[in-house]
Amino acid sequence: MAKIESVNVKKYFKIKNKGNQYDELPALGGVDLKIDQGEFMVIVGPSGCGKSTFLDLVSGLTLPDEGTISIDGKSVTGPGLDRAIVFQQNALFPWRTTLKNVEFGLESINSDKDNRREIALDYLSLVGLSGYYNHYPHQLSGGMKQRVSIARALALNPGILLMDEPLAALDAQTREFLQRDILRISKESHKTVLFITHSIDEAVFLGDKVAVMSARPGIIKQVLDIPLTAEQRTRDDVAATQEFVQSRQTLWKLLKEEVIKVQEAQIRFQSQSPAQSPARVSGNGLINAVRVLTKI
Ligand SMILES: Nc1ncnc2c1ncn2[C@@H]1O[C@H](COP(=O)(O)OP(=O)(O)OP(=O)(O)O)[C@@H](O)[C@H]1O
Ligand SMILES: [Mg+2]
């Protein structure tokens, strides 16, 4: 049985239009995806295709309009301690120190104060923040705050880790180190991971499998097996291996088609709007194309 299974999951959002009526925006168009126990599944897809929407549904923070998401065969009806989330933007409590932020999730499941502190300190050390346990979030850099969020999720020791572009705000070197840490920790502790990224290299390096999402309404266009061994992933020259280069190329080809669809839809939308002159339309189209492409 799959650890996480999504069957024909659809999600619509209601958007108020000019006539004060609501239009339905289809965000997910029927997502089918299976993730096995201990598997590292990465999702890539153009900006706005519904990746975060899907992750929210797996977390139980929101519910599908159609279809089902199940964990260990049971339908998801809300959040649970078996799933921890690291968001695109850190969600730390500004009034709590780094240590107290990491301890937060543990307070509801572990009543032993000294034990909680010990676990929190261990995870802060793991993400390279040993010396910062008494700092408040406003005293940390963006990257450090994101590392605290990762430590907080890991400290809960959940079976499933849901990560929505958790490393996007980090500098390139810290990002590489943390990628390796996340991979090592997830494998050592047999976690099932659903990880969203815009970086193809990150997707190939981390993923046992990479699911490519189509332009909105998002569906899973293809799931690619990444044939890198655990040993290859520990090597500094992993990105130069044939397996890495080939996976990267295949992924980029699949993704590029979807990014182009998004650009074309933008240009169509703008050319239908009477407020836009043709020059402005192509200009905006270009700017949007650059926006989409630079996120990858
Ligand atoms: N609460 C909401 N209300 C209305 N529309 C929403 C809501 N949340 C998301 N959307 C819309 O649903 C679509 C999918 O959004 P989502 O955040 O899932 O995309 P994404 O793939 O995560 O994008 P990105 O890569 O930029 O983070 C977008 O068109 C977005 O505008
Ligand atoms: Mg998102």
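**Exercise 1. Work out the strand order of the open sheet in this predicted model, and find which strands stand at its edges.**

Solution. Start with the order: 6 strands make up the open sheet, arranged 6-7-8-3-9-10. Next, look at the pairing, which is mixed. Now go to the two ends of the order. Strand 6 (83–86) and strand 10 (220–225) each have a single partner strand, so one side of each lacks a neighbour in the sheet. Finally, check the twist: on average, neighbouring strands here are turned by 15 degrees against each other, direction ignored.

**Exercise 2. Describe how strand 6 pairs with strand 7, and place helix 4 relative to strand 6.**

Solution. A reminder helps to begin with: strands of a sheet pair through backbone hydrogen bonds, in either a parallel or an antiparallel sense. Strand 6 and strand 7 (residues 160–164) take the parallel sense, over 4 bridges. To see the register, pick out Ile 85, which stands opposite Leu 162 in strand 7. Then add the helix: helix 4 (residues 142–155) lies across strand 6 and strand 7. The angle between helix 4 and strand 6 is about 180 degrees.

**Exercise 3. Find which residues come nearest to ligand 1, and which elements give two or more residues to its shell.**

Solution. Begin with the residues: there are 13 around ligand 1, and Phe 13, Ser 47, Lys 51, Ser 52 and Thr 53 come nearest. Moving to elements, strand 1 (4–16), strand 2 (22–35) and helix 1 (51–59) each give two or more residues to the shell. Helix 1 has the largest share, with 3 residues. To finish, sort the shell by class: 5 residues are nonpolar, 6 polar and 2 charged.

Methods:
Residues are numbered from 1 along each chain as its sequence is written. Chains are lettered from A and ligands numbered from 1 in the order in which they are written. This is a predicted model: local features need pLDDT of at least 70, side-chain atom pairs count only at pLDDT 80 or more; totals for chains, interfaces and linings use all residues. A residue is near a molecule or strand if its C-beta atom, placed from the backbone, lies within 6 Å of it. Ala, Val, Leu, Ile, Met, Phe, Trp, Tyr, Cys and Pro count as nonpolar, Asp, Glu, Lys and Arg as charged, and the others, Gly among them, as polar. Two strands pair if DSSP finds at least two bridges between them. Axes are lines fitted to C-alpha atoms, for helices over the stretch in contact, and angles run from 0 to 180 degrees between N-to-C directions. Two residues are in contact if their C-beta atoms, placed from the backbone, lie within 7 Å.
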